Each structure stands twice: as structure tokens, then as C-alpha cells.
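Let's take a friendly walk through this model, looking at helices, charged pairs and aromatic rings in turn.

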Amino acid sequence: MSRIILVRHAQASFLEPNYDKLCATGEVQARMLGEYWARRGVFFGRACSGPRVRQVRTARMVEEAYRKLGREFPELAVMNEFDEYPGEAVLKAGLPRVLDKSQGVRDLHRAFESAKDSDERKRSFQQMFEAVIGMWVSGELVVDDVESWQDFCARVDRGIATIVNSEAPADDSLVFTSGGPIGVAMRRALHLSHADTLQLTWMSRNASFTEFLSSGDRFTLSTFNAHPHIEDEPLLTYR
């Protein structure tokens with residue numbers, strides 16, 4: 001029996017020109033995760049990350065916390081299979097078409113455009129984003145020349161299979177990724193529908209970890225969305 005732990009990246013720079021970098025809160029979250037594990041003597045046989053800056057940076061900050069406390073941490077490998085789904089590309093290409101045919105999305109877009117403060121802007125954007133991505137996942141919205149949801153799920157499944165098949169018995173693996181791949185792993189373990197898988201992706205907190213147990217053909221969920229290293233409410237974020 002071996003463990004595979006998927007970590008959602010720490011908080012990135014939501015609604016900034018470059019989303020793909022950790023914000024100040026994200027840096028704190030990632031450091032706290034590394035310190036939490038290192039102080040408890042939690043060790044991993046391998047560590048890998050998706051290719052995004054926010055994913056790799058989270059991994060490096062966890063590694064840094066281990067090193068500062070005199071603990072060993074495995075060499076980090078980058079695996080493209082654990083990249084996030086192309087949400088930004090879907091929104092950019094698909095939103096104009098969705099606005100033409102969905103009054104609900106038009107209302108959400110109007111609320112986003114007229115938001116009076118940062119919190120309202122973030123909240124209205126998330127609602128609009130979820131609506132458009134939901135249409136894409138269901139097949140109602142097709143975006144040409146962009147990886148489909150089905151292809152995304154197949155890609156993540158290949159990454160999980162690579163880790164499962166290459167693990168030695170009781171060799172714990174750590175994967176730094178995003179909410180989408182974590183949802184796909186949950187789908188693999190719990191045999192979820194695509195719609196239910198997407199709903200789970202919205203629940204994953206920044207710098208939380210989800211643990212699976214693997215043995216032979218079995219891939220079982222052990223813990224979902226854990227964040228014992230974060231006790232301060234302002235540090236519990238979803239975006």
C-alpha cells in the first residue's frame with residue numbers, strides 16, 4: 001500500500017494581469033504546509049509538480065521549509081500531465097458565444113463588469129467562470145483548438161497511472177497541482193460523473209492536500225481537502 005498526496009497550489013494572483021504566480025498570502029500558505037510536514041517528520045519518496053509557475057513555486061517553498069529545518073526532500077520532477085485544464089482559454093474563446101445565448105451568463109457578466117469593490121468583483125467573476133466552464137464540461141460549449149474536458153481527464157489519468165505503476169511498495173508520492181487534476185483523481189477513486197467532478201474542483205482550498213491509497217488495481221480516497229497547517233481564517237482561500 002502506498003500513498004499519493006495531491007497538493008493544490010497556494011493562492012495565486014487572482015484577477016491580476018498575471019494569475020500564474022503566488023500572491024503574498026500564497027507564499028505564507030505554502031511555507032506553512034512545508035513546515036507542518038517537516039516538523040512532524042513526514043517524508044516522501046518522490047515529488048513532482050505540474051508545469052505552472054504557481055504549482056512549481058508551491059513545491060519549491062515546501063522544499064525550502066524542509067531544508068531550513070534540516071529535513072530531506074526529494075528532487076522535484078515536472079510532469080505536464082498535472083497541468084490545470086485550459087480554463088482561461090475556454091473563457092476567452094467561449095464567453096462571447098455564451099453571452100449571445102444565455103441570459104443567466106449575461107446577468108453574471110453584467111454583475112462582474114459593474115462590481116464596486118474587489119470582493120464583489122472576485123465573487124461575480126467566479127460565478128460567471130463556473131457557469132461557462134460548466135457548459136464546456138457538459139459539451140454545451142465546444143471550443144476549437146483547445147484541449148477538451150475529456151482529453152484533460154485522460155491526461156491526468158495518465159499521470160496518475162504513471163505514478164501508481166512506478167511506485168515501490170509503501171513509497172509515498174507528492175504531487176503539486178491544481179483543483180482540476182485533484183477533481184479528476186477524485187473521479188478515479190469515487191467513479192464520479194463529469195458534473196460531480198467539476199463541482200469538487202470548486203471546493204479545493206489553496207495549499208490543501210488530498211490523499212489517496214494505491215495497491216494493485218485499487219485507488220482509494222483517504223483524505224480530501226485537508227488543511228491542518230492553516231488555522232487562521234483569513235488564510236483559508238479558494239482562489
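At which residue does H3 bend, and by about how many degrees? The bend is at Gly 94 and amounts to about 50 degrees, with a proline, Pro 96, following within four residues. Please keep in mind that this is a predicted model.

**Helices H3 and H8**

The end C-alpha atoms of H3 are 20 Å apart, which agrees with the 21 Å that its 15 residues should span at 1.5 Å a residue. Gly 94, where the bend sits, is also one of the buried residues of H3, a list that further holds Gly 87, Val 90, Leu 91, Leu 95, Val 98 and Leu 99. Helix H4 (103-113) and helix H5 (118-138) are among the parts that cover these residues.

Helix H8, residues 194-201, has Thr 197, Leu 198, Leu 200 and Thr 201 buried. Viewed down the axis of H8, these buried residues fall within an arc of 160 degrees, so they line one face of the helix. They pack against H5, helix H6 (149-166), helix H7 (179-190) and strand E6 (218-226).

**Charged pairs**

The model has 12 salt bridges. Three of them are set out here, each with its N to O distance.

| Pair | N to O distance |
|---|---|
| Arg 54 and Asp 20 | 2.9 Å |
| Asp 83 and Arg 52 | 2.7 Å |
| Lys 68 and Glu 64 | 3.4 Å |

The side chains of Arg 54 and Asp 20 meet in a salt bridge. Arg 54 belongs to helix H2 (residues 53-68) and Asp 20 to the loop between strand E1 (2-8) and helix H1 (24-39), so the pair ties together parts that are 34 residues apart in sequence. Arg 54 is buried at a relative accessible area of 7%, and Asp 20 is buried too, at 17%.

Asp 83 likewise forms a salt bridge with Arg 52. Since Asp 83 lies in the loop between strand E3 (76-78) and helix H3 (87-101), and Arg 52 in the loop between strand E2 (46-49) and H2, this pair ties together parts that are 31 residues apart in sequence. Asp 83 is buried, with 14% relative accessibility, whereas Arg 52 is partly exposed at 33%.

Lys 68 and Glu 64 both sit in helix H2, 4 residues apart, about one turn of the helix. An α-helix has 3.6 residues a turn, so residues three or four places apart point the same way. Lys 68 is exposed at 64% relative accessible area, and Glu 64 is partly exposed at 32%. Elsewhere, Arg 3, Asp 172 and Glu 211 are joined into one network by salt bridges that share partners.

**Aromatic pairs**

How many aromatic pairs are there? The count is 13. In one of them, Phe 14 and Phe 125 meet edge-to-face, 5.5 Å centre to centre and with 65 degrees between the planes. This pair links distant parts of the chain, 111 residues apart: Phe 14 is in the loop between E1 and H1, and Phe 125 is in helix H5. Phe 14 is buried at 12% relative accessible area, as is Phe 125 at 13%.

Trp 37 and Phe 209 form a tilted pair, 5.1 Å centre to centre with 55 degrees between the planes. Trp 37 lies in helix H1 and Phe 209 in strand E5 (residues 209-215), so the pair ties together parts that are 172 residues apart in sequence. Trp 37 is buried, with a relative accessible area of 3%, and Phe 209 is buried at 9%.

Finally, ring pairs link Phe 14, Phe 112, Phe 125, Phe 129 and Trp 202 into a cluster.

Terms used
Residues numbered from 1 in each chain as written. Predicted model: local features only at pLDDT ≥ 70, side-chain atom pairs only at ≥ 80, totals over all residues. Heavy atoms only, no water. Salt bridge = Lys/Arg side-chain N within 4 Å of Asp/Glu carboxyl O. Helix = DSSP H or I, 4+ residues; strand = E, 2+ residues; numbered from the N terminus. Buried < 20%, exposed > 50% of the residue type's maximum accessible area, 1.4 Å probe, protein only. Expected span 1.5 Å × (residues − 1). Bend = angle between axes of the 7 residues up to and from the residue. Contact = heavy atoms within 4.5 Å. Arc of directions from axis to C-beta. Phe/Tyr/Trp six-rings, centres within 6.5 Å; stacked < 30°, edge-to-face > 60°.
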